[in-house]
Amino acid sequence: SMADQLTYVLDAGNSRIKLGTFRGDELENVAYFSQDDWTNMPLEAEAASATIMSVSLAEEALAAHFSKAGIGNVRVFNAKSALPFQTRYQQPESLGSDRKMLIHGANQLYAGKNKLIIGMGSCITYDLVTAAGEHLGGDISPGMHMRWEAMHRLTARLPLVGMPEQLVSYGRNTF
């Protein structure tokens, strides 16, 4: 039955590759791979389908990896894919596939609500979406690692910092 079908969703970002395993609508597992070890991704031939989204690796190579594992229905979602929502973006083809997927997912999870979607990857993205699901626009800025690197390199005294062990709701010091 559809509820028992195994499907994969792959998100190849700039920093790491995320592989979600779904059984029906339920997320069973998320596995993480580096840009160097994604070919070691264990895939089960019983999977009914895979959806691939990549902002870093060649989509053809990723799709071939799933096909080689015996998965027949492999879909690629990219800049050429039809948008599953309306947008006011002036150049919709320049909207990254990662942002498109976040918008689509938020529209599914929070239908009928206004949304501010914040993506925290190599870059931080912000997208405004109406309750009707229309994408009004958004912005993109350097992610945390890029910000820390820039602050260290472009100032005289700020040290290079990284992710704190424990996150607090707001900063309490400069370092």
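**Helix 2, its sheet and two cores**

In helix 2, the buried residues (under 20% relative accessible area, 1.4 Å probe, protein chains only) turn out to be Ser97, Arg99, Lys100, Ile103, Ala106 and Asn107. This is a predicted model, with local features needing pLDDT of at least 70 and side-chain atom pairs counting only at pLDDT 80 or more, while totals for chains, interfaces and linings use all residues. Residues are numbered from 1 along each chain as its sequence is written, and side-chain values use heavy atoms, with hydrogens and water left out.

Helices (H or I, at least four residues) and strands (E, at least two) are DSSP runs, numbered from the N terminus. The cover over the buried part of helix 2 includes strands 4, 5, 6, 7 and 8.

Strands 6, 7 and 8 make an open antiparallel sheet, in the order 6-7-8; pairing here takes at least two DSSP bridges between two strands. Strand 6 and strand 8 sit at the edges with a single partner strand each, so one side of each has no neighbour in the sheet. Between strand 6 and strand 7 there are 6 bridges, and Ile118 stands opposite Tyr126 in strand 7. Helix 2 packs on this sheet, touching strand 6, strand 7 and strand 8 (contact: heavy atoms within 4.5 Å). Its direction makes about 45° with that of strand 7, using lines fitted to C-alpha atoms, for helices over the stretch in contact, and N-to-C angles from 0 to 180 degrees.

As for nonpolar cores (buried Ala, Val, Leu, Ile, Met, Phe, Trp, Tyr and Cys joined through side-chain atoms within 4.5 Å), the largest has 19 residues. Strand 1 gives the most to it, with 4 residues.

Terms used:
Buried < 20%, exposed > 50% of the residue type's maximum accessible area, 1.4 Å probe, protein only.
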